[in-house]
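Visitor: I would like to understand how the labels used for a protein structure are earned, so please show me the structure and let me ask about them one at a time.

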Amino acid sequence: MGFSTRITNRNRQCEMVKQTRLCMVRPCENEQPKGKKCVRTKKSLKAIHFEYKNCTSTQTYKPRYCGLCNDGRCCTPHNTKTIQVEFQCPQGKVIKKPVMSISTCVCHKNCPQNNAFFQQLDSVFNGVKI
């Protein structure tokens, strides 16, 4: 699981607030796309439990993931919603966390690794993995 963060003023006070939610854009074991078209949204074939800091979701989910684009573009979430997921932790503690649920993904050329912010980070850390 990773984190998705945004700044928004969509609230009653119209104040800028930072919102953070858990997300998983794609599983770590990436599959290579087949054919000439982009492989975009892929739904999990079986229901899974989400895991977060030694805690496990109380329900199972069939999440959608973003696939890969085989033409040099990157595939990122396009339409998402936030769901509240309940996690059972060791010693019986129960926590609820917002989790991004992907509806659709899109292939585009504005890839994060081409973003000036990420390029600055690369120059600061000189290729050291964070």
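Guide: Let us begin with a torsion: the one about the S-S bond of Cys69 and Cys107 is about -95 degrees, so this disulfide is left-handed. Please keep in mind that this is a predicted model, in which local features need pLDDT of at least 70 and side-chain atom pairs count only at pLDDT 80 or more, while totals for chains, interfaces and linings use all residues. Residues are numbered from 1 along each chain as its sequence is written, and side-chain values use heavy atoms, with hydrogens and water left out.

Visitor: What makes Cys69 and Cys107 a disulfide?

Guide: A disulfide is a pair of cysteine sulfur atoms within 2.5 Å, and the S to S distance from Cys69 to Cys107 is 2.0 Å, so the pair meets the definition. In general, a disulfide is a covalent bond between the sulfur atoms of two cysteines.

Visitor: Are Cys69 and Cys107 called buried or exposed, and how do you know?

Guide: Buried means under 20% relative accessible area, exposed means over 50%, and partly exposed lies in between, with a 1.4 Å probe and protein chains only. Cys69 has 13% relative accessibility and therefore counts as buried, and Cys107 is buried because its relative accessible area is 9%.

Visitor: Which label does Cys14 receive, and why?

Guide: Cys14 has a relative accessible area of 51%, and because of that value Cys14 is called exposed.

Visitor: Why is Cys75 not called a disulfide partner of Cys107?

Guide: The sulfur of Cys75 has its closest cysteine sulfur in Cys107, but the distance is 4.2 Å, which is too far for a bond. Cys75 is nevertheless buried, because its relative accessible area is 4%.

Visitor: What makes the link of Cys74 and Cys111 a disulfide, and which handedness does the link have?

Guide: The S to S distance from Cys74 to Cys111 is 2.2 Å, and a disulfide joins them; with -115 degrees about the S-S bond, their link is left-handed. Cys74 lies in strand S7 and Cys111 in the loop between S8 and helix H1 (116-125), so the pair ties together parts that are 37 residues apart in sequence. Helices (H or I, at least four residues) and strands (E, at least two) are DSSP runs, numbered from the N terminus. The C-alpha atoms of Cys74 and Cys111 are separated by 5.6 Å. Cys74 is buried, because its relative accessible area is 12%.

Visitor: How do you know that Cys66 and Cys105 are joined, and what is the handedness of their disulfide?

Guide: Their S to S distance is 2.0 Å, and a disulfide joins them; the torsion about the S-S bond is about -85 degrees, so the disulfide is left-handed. This pair links distant parts of the chain, with Cys66 in strand S6 (residues 64-66) and Cys105 in strand S8 (residues 94-108), 39 residues apart. Both Cys66 and Cys105 are buried.

Visitor: How many disulfides does a search of the whole structure find, and what pattern do they follow?

Guide: The search finds 4 disulfides, and their pattern is 1-5, 2-6, 3-7, 4-8 when bonded cysteines are counted along the chain.

Visitor: What makes S7 and S8 paired strands?

Guide: Two strands pair if DSSP finds at least two bridges between them, and 14 bridges join S7 to S8, which run antiparallel. One of the bridges has Thr76 with its partner Val106 in S8. Strand S5 (residues 55-57) and S7 also pair in the antiparallel sense, over 2 bridges.
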